[in-house]
Amino acid sequence: MQKLYTAADLPEAYLVAQWLECAGIRARVLNEHAQGGLGEIPFTHAWPEVWLMDDLDGPRAQRVLDAWRHAPVSPPRRCPICGEENPEGFETCWHCAAPLPA
């Protein structure tokens, strides 16, 4: 096993692990439950980490990680009815359920 990435929180660690899994790279999140040890251990030792199951996947995993870090972020779309911001993948407004323009 090889450590690839130290995440700021669990959702970020699992997002990276899922990107790797989608690319066919087996990965595992470690330190998932280490937050309970804060105070007993340094906080940097409790951060979630993404580890590769196969060391040979390292270069390819690094390319996937770089692509994830530099992926373009689409600006939120405003609802024409209520003006609320909605993420890119939404088809209806989360606030008022109005259809969003394409």
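Biologist: What makes strand 2 and strand 3 count as paired in this predicted model?

Modeller: Two strands pair if at least two bridges are found between them. Four bridges join strand 2 (residues 27-30) to strand 3 (residues 49-52), so the two count as paired under that cut-off of at least two. They run antiparallel. At one end of the ladder, A27 has L52 as its bridge partner in strand 3; L30, in turn, has E49.

Biologist: How do you know that strand 1 belongs to the sheet, and where does strand 1 stand in the order of strands?

Modeller: Strand 1 is joined to strand 3 by four bridges, and these two strands also run antiparallel. Here Q2 stands opposite L52 of strand 3, while T6 stands opposite E49. The three strands form an open sheet in the order 1-3-2.

Biologist: What makes strand 1 and strand 2 the edge strands?

Modeller: Each of them pairs on one side only. From one strand to the next, the twist averages 30°.

Biologist: Which residues of strand 2 lie on the covered face, and which on the uncovered one?

Modeller: A27 and V29 form the covered face, whereas R28 and L30 form the uncovered one. In a regular strand the side chains alternate between the two faces of the sheet.

Biologist: Why is E49 called buried?

Modeller: A residue is buried if its relative accessible area is under 20%. E49 has 14% relative accessibility, so E49 counts as buried. This residue lies in strand 3. Leaving aside neighbours within four places in sequence, E49 is in contact with K3, Y5, T6, R28, V29, L30 and N31.

Biologist: What makes the link between the side chains of E49 and W51 a polar contact?

Modeller: The cut-off for such a pair of N or O atoms is within 3.5 Å. The side chains of E49 and W51 are joined at 2.9 Å, and the link therefore meets that distance limit.

Biologist: Why is the pair of Y5 and W68 called edge-to-face?

Modeller: The structure holds one aromatic pair. The rings of Y5 and W68 are 6.0 Å apart, centre to centre, with 80° between the planes. Centres must lie within 6.5 Å, and planes over 60 degrees apart count as edge-to-face, so both conditions are satisfied. Y5 lies in strand 1 (residues 2-6) and W68 in helix 2 (residues 58-69); the pair therefore ties together parts that are 63 residues apart in sequence. Both residues are buried.

Biologist: How do you know that the helices pack on the sheet, and at what angles do they run?

Modeller: Helix 1 lies across strand 1, strand 2 and strand 3, and runs at about 170° to strand 2. Helix 2 packs on the sheet by touching strand 1 and strand 3, and its direction makes about 10° with that of strand 1.

Biologist: Which residues touch the most other members of the largest nonpolar core?

Modeller: This core has 16 residues, and L4, Y5, V16, L20 and V50 touch the most other members. Strand 1, helix 1 (10-22), strand 2, strand 3 and helix 2 each supply at least two residues. For V16, the contacts beyond four places in sequence are Y5, V50, L65 and W68.

Note on methods. Residues numbered from 1 in each chain as written. Predicted model: local features only at pLDDT ≥ 70, side-chain atom pairs only at ≥ 80, totals over all residues. Heavy atoms only, no water. Phe/Tyr/Trp six-rings, centres within 6.5 Å; stacked < 30°, edge-to-face > 60°. Buried < 20%, exposed > 50% of the residue type's maximum accessible area, 1.4 Å probe, protein only. Polar contact = N/O pair within 3.5 Å; in protein donor to acceptor, adjacent residues only side chain to side chain. Contact = heavy atoms within 4.5 Å. Core = buried A, V, L, I, M, F, W, Y, C linked by side-chain atoms within 4.5 Å. Axes fitted to C-alpha atoms, helices over the stretch in contact; angles between N-to-C directions.
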